[in-house]
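Hi,

Here is the structure I promised to pass on. Have a look at it first, and then read on for what turned up.

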Amino acid sequence: MNTTERIFQAVLFEVIALAIVVPATAYIAGYETDKMAIAGIALSIFAMLWNYLYNIVFDKLAGYNRVERGIAIRVIHAIAFEFGMILITLPALAWYLSITWLEAALLEAGFLVFILLYTFVFNWLYDRYQPYKNWISNEQYT
């Protein structure tokens, strides 16, 4: 996967996630939509940077044939990614939303359940259909 596709994949992942998470969190947990949107965008920017770097390292460790990765590798991929995210998002959410660390942990737990499933499904479907590849000619895709 080249740099341009990695950026495309990360942005697509985050845009879809935000479209689901922001309204759901505002509705279910009662947080203000505008605050959740700002928090979501800030965390998404961090997540895109983390996603880019994490997947470069993961590809080197797990191999570059993403289509043939089995379920165990995909589960490891999703869990390890989220542990890296939690290190930043938990204190950031507690600070920005002016909530306790326990409340932030509960909010993070809800995100974690969603994102673990979403990461697995998104990456599996992305690897199978590779939408970016369909938008450019095969000669340009290296």
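Which residues does Gln 9 touch, not counting residues up to four places away in sequence? Before the answer, one caution: this is a predicted model, and the numbers below are computed from it.

Gln 9 touches Met 1, Phe 122, Asn 123 and Tyr 126, with residues up to four places away in sequence not counted. Gln 9 belongs to helix 1. It is buried, at a relative accessible area of 4%.

**Salt bridges**

On to the charged pairs. Side chains of opposite charge can pair when their charged atoms come close. In this model the count comes to 2 salt bridges.

One of them joins Arg 6 and Asp 59, whose closest N and O atoms are 2.5 Å apart. Arg 6 lies in helix 1 (residues 3-29) and Asp 59 in helix 2, so this pair ties together parts that are 53 residues apart in sequence. Are these two partners buried or exposed? Arg 6 has 8% relative accessibility and Asp 59 has 2%; the cut-off for buried is under 20%, so both count as buried.

The other salt bridge is between Asp 127 and Arg 74, and here the closest N and O atoms are 3.0 Å apart. This pair also links distant parts of the chain: Asp 127 sits in helix 4 (residues 101-129) and Arg 74 in helix 3, 53 residues apart. Asp 127 counts as buried at 4% relative accessibility, and Arg 74 is buried too, with a relative accessible area of 10%.

**Helix 2 against helix 3**

Next, a helix pair you may want to rotate into view. Helix 2 (residues 33-62) and helix 3 (residues 71-96) have axes that come within 10 Å and cross at roughly 145°. The crossing of these helices is right-handed.

What does the contact consist of, in terms of nonpolar, polar and charged residues? The residues of the contact divide into 18 nonpolar, 5 polar and 1 charged. On the helix 2 side they include Ile 38, Leu 43, Phe 46, Trp 50, Asn 51, Tyr 54 and Phe 58. On the helix 3 side, Ile 73, Ile 76, Phe 81, Met 85, Ile 88 and Leu 93 are among them.

Two helix 2 residues from that contact are worth picking out on screen.

Trp 50 is found in helix 2. Leaving out residues up to four places away in sequence, it touches Phe 81, Gly 84 and Met 85. There is a polar link here as well: a polar atom of the Trp 50 side chain lies 3.0 Å from the backbone oxygen of Phe 81. Even so, Trp 50 is partly exposed, with a relative accessible area of 24%. If you trace the backbone, Trp 50 and Ala 10 are 9.4 Å apart in space, C-alpha to C-alpha, and 40 residues apart in sequence.

Asn 51 is in helix 2 as well. At 10% relative accessibility, Asn 51 counts as buried. Its side chain makes a polar contact with the side chain of Asn 55, at 2.3 Å. Asn 51 also touches Ala 10 and Phe 81, again not counting residues up to four places away in sequence.

**Thr 25 and Ser 98**

Back in helix 1, there is Thr 25. It is buried, with a relative accessible area of 8%. Apart from its neighbours within four places in sequence, Thr 25 is in contact with Gly 30, Tyr 31, Met 36, Leu 107 and Phe 111. For Phe 111, the C-alpha atom is separated from that of Thr 25 by 9.0 Å, although the two residues are 86 residues apart along the chain.

Last, a backbone detail. Where is Ser 98 found? Ser 98 is in the loop between helix 3 and helix 4. This residue has a positive phi of about 50° although it is not a glycine. Ser 98 counts as exposed, at 63% relative accessibility.

If you only have a few minutes, start with the Arg 6 and Asp 59 salt bridge, then turn to the crossing of helix 2 and helix 3.

Cheers

Methods:
Residues are numbered from 1 along each chain as its sequence is written. This is a predicted model: local features need pLDDT of at least 70, side-chain atom pairs count only at pLDDT 80 or more; totals for chains, interfaces and linings use all residues. Side-chain values use heavy atoms; hydrogens and water are left out. Axes are lines fitted to C-alpha atoms, for helices over the stretch in contact, and angles run from 0 to 180 degrees between N-to-C directions. Helices (H or I, at least four residues) and strands (E, at least two) are DSSP runs, numbered from the N terminus. A crossing is left-handed if the near helix is turned anticlockwise from the far one by less than a right angle, and right-handed if clockwise. Contact means heavy atoms within 4.5 Å. Ala, Val, Leu, Ile, Met, Phe, Trp, Tyr, Cys and Pro count as nonpolar, Asp, Glu, Lys and Arg as charged, and the others, Gly among them, as polar. A salt bridge is a side-chain nitrogen of Lys or Arg within 4 Å of a carboxyl oxygen of Asp or Glu. Buried means under 20% relative accessible area, exposed over 50%, partly exposed in between (1.4 Å probe, protein chains only). A polar contact is a pair of N or O atoms within 3.5 Å; within protein, one must be able to donate a hydrogen and the other to accept it, and residues adjacent in sequence count only if both atoms are side-chain atoms.
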